[in-house]
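Trainee: I should be grateful for a close look at the ligand site of this model. Please then relate it to individual positions elsewhere in the chain.

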Amino acid sequence: MKLELTDEQSAVRATAKKAARDLLAPDAVTNDREARFPRENLKQLARLGLMGVNVPFQYGGSEAGVVAYALAVQELAAGCAGTTVAMMVTNMVAEAIVEWGDESQRSRFLPRLLSGDDWLTASFCLSEPGSGSDASSLCTTARRDGDDYILDGTKAWVTSGGHSGLYLIMARTGGIAGARGISTFLVQGDNPGLIATKPEDKMGLRASTTTQIVLDGCRVPMRDRLGNEGTGFRVAMRALDGGRIGVSAQALGIATAALTAATRYATERRQFDRRIADFGAIQDMIADSATELDAGTLLCLRAASLKDKGVPHSKEAAMSKVFCTEAANDICHRAVQIHGGYGYTRDYPVERHLRDVRVTRIYEGTSEVQRIVVAREALNGVN
Ligand code: COS
């Protein structure tokens, strides 16, 4: 078993670390306070090849693989987790186009999406106001009209809604109920039938704009359907298997920033004539956080490495997501605790990390859904 990174993986990580330090971190507080979408920084991430880390060179990607992608996300999220989620969803949509798209779709959409010159981000539209964890119950319809489809419905929790150049949308075709009646469409952001609503006023990840997307007679040419009719649920689930590796890495990145702040504070703050870092109670919190970060990183990189090898990884991605996101939430809580009252103020970064990390247990599949995925595999064949 090898745990060393390749030169290429190390180089991608170094690029992301530098971008996090020089570009993302300096804007993170203002982005959070003003709920400001980081257009310029996203453009810079595209220029650095970070919008298509696991996309072949020929389509404008970096072709560096999934482990490199996870490392990049971890570094970027330590700088600004909100900016990072826009980057993550763009990577996820780009990979879905590589996997399921035909040559025309790959060459028409990917270079335009990954260069940062034209389209800044892509969005993934599966959830609806009434369909979240039970994703296959979605109601948005796509009905055939000559050589086009007409999409009608409302999508919810759309990352980068209103800013994206391209939307990957799951809709029901042929009036077929359940998972087998779902198809996927690539819809351009300037389509007049696609309308973004007012952004959600979120607790965290405020640099990321989240909207509903209303599809009102949205006309999409047949050539922009991704994959065959009826394959949309598989497209979504496979994308989310990879997305869950990304969310694991994002949670680890936020937790790393929180732990770094907490250890620094513990060595500076003095009580009872000594540094609080000299108290066993503080050391226990730091030790548990450092251990959980390493354990999470191993789970995350194992899932990433399986995906790199083309091996099934749904269970490992789910295990990684549930462990990393729950551990990261605990680590951010401890970081606030170590800061005491100061941690509860906006004068220190840990309250932002705690707000940012909370959603990682919810989006791209709640912890409860991840446990369903893990338990189904564990129970498979027992009865
Ligand atoms: N990869 C490929 N195919 C998959 C798959 C995966 N990871 N998971 C399921 N499928 C396929 C199944 O094989 C099945 O195919 P067949 O109909 O050909 O047998 C089909 O999809 C339906 O699968 P299943 O019966 O398991 O679907 P369920 O409705 O029971 O849903 C969960 C399973 C709960 C795991 C799924 O709905 C889910 O992940 N929900 C959360 C959605 C989510 O993460 N939303 C967040 C969006 S981003 S904000």
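Mentor: The account below begins with the ligand and its surroundings and then turns to single residues.

The model is predicted. In it, the ligand sits in the largest pocket. A shell of 20 residues surrounds the ligand, and the closest are Ser133, Arg180, Asp241, Arg244 and Arg376. Two helices, H6 (232-268) and H10 (367-379), each supply at least two residues of this shell. The largest share, seven residues, comes from H6.

The individual polar distances to the ligand can be taken one by one. At Ser133 the backbone is involved: one of its N or O atoms lies 2.8 Å from a nitrogen atom of the ligand. At Arg244, by contrast, a polar side-chain atom is found 2.9 Å from an oxygen atom of the ligand. Ser136 also uses its side chain, with a polar atom 3.4 Å from an oxygen atom of the ligand. As for surface, the ligand taken alone exposes 1000 Å², and the protein buries 69% of that.

Next come the single positions, beginning with Ala328 in helix H8, which spans residues 314-339. Ala328 counts as buried because its relative accessibility is 1%, below the 20% cut-off. Beyond its neighbours within four places in sequence, Ala328 is in contact with Ala251, Ala255 and Val357. A long separation can also be given for this residue: Ala328 and Asn228 are 100 residues apart in sequence, and their C-alpha atoms are 38 Å apart in space.

Thr121 belongs to the loop that runs between helix H5 (103-114) and strand S1 (122-125). Although Thr121 is placed in a loop, this residue is buried, with a relative accessible area of 0%. Its side chain joins that of Ser164 through a polar contact of 2.8 Å. Apart from residues within four places in sequence, the contacts of Thr121 are Phe37, Leu42, Ala86, Thr90, Leu113, Ser160, His163, Ser164, Gly165 and Leu166. Ser164 therefore appears both as a partner in the polar contact and among the contacts of Thr121, a buried residue.

Helix H2 offers two positions to consider. Asn41 is placed in helix H2, and Asn41 counts as buried because its relative accessibility is 7%. The side chain of Asn41 reaches the backbone oxygen of Leu23 at 3.1 Å. Not counting residues up to four places away in sequence, Asn41 touches Leu23, Leu24, Asp27 and Thr83. Arg47 is also found in helix H2, which covers residues 39-47. With the same exclusion of sequence neighbours, Arg47 touches Ser115 and Asp117. Arg47 and Glu229 are 182 residues apart in sequence, while their C-alpha atoms are 35 Å apart in space.

A further stretch includes Asp273 and Ile276. Asp273 lies in the loop between strand S9 (270-271) and S10. Asp273 is not a glycine, yet it has a positive phi of about 65°. Asp273 counts as exposed because its relative accessibility is 73%, above the 50% cut-off. Ile276 is found in the loop between strand S10 (274-275) and helix H7 (280-308). At 8% relative accessibility, Ile276 counts as buried. The contacts of Ile276, leaving aside neighbours within four places in sequence, are Tyr265, Ala266, Arg269, Gln271, Ile282 and Ile338. For one of these residues a C-alpha separation is also available: Ile276 and Ala266, 10 residues apart along the chain, are separated by 5.3 Å.

Trp157 has a positive phi as well, of about 60°, although it is not a glycine. This residue is placed in strand S3, which comprises residues 148-159. Trp157 is exposed, with a relative accessible area of 55%.

To return to the ligand, the contribution of helix H6 is the point to retain: H6 gives the largest share of the shell, seven residues. Helix H10, in turn, supplies at least two residues of that shell.

Key
Residues are numbered from 1 along each chain as its sequence is written. This is a predicted model: local features need pLDDT of at least 70, side-chain atom pairs count only at pLDDT 80 or more; totals for chains, interfaces and linings use all residues. Side-chain values use heavy atoms; hydrogens and water are left out. Helices (H or I, at least four residues) and strands (E, at least two) are DSSP runs, numbered from the N terminus. Buried means under 20% relative accessible area, exposed over 50%, partly exposed in between (1.4 Å probe, protein chains only). Contact means heavy atoms within 4.5 Å. A residue is near a molecule or strand if one of its heavy atoms lies within 4 Å of it. A polar contact is a pair of N or O atoms within 3.5 Å; within protein, one must be able to donate a hydrogen and the other to accept it, and residues adjacent in sequence count only if both atoms are side-chain atoms. Accessible areas come from the Shrake-Rupley method with a 1.4 Å probe; for residues, only the protein chains shown count as cover. On a 1 Å grid over the protein atoms alone, a cavity is a set of points where a 1.4 Å probe fits but cannot get out, and a pocket is an open set with protein on both sides within 12 Å along at least five of seven lines; lining residues have an atom within 4 Å of a point. A molecule sits in a cavity or pocket if more than half of its atoms lie within 2 Å of its grid points.
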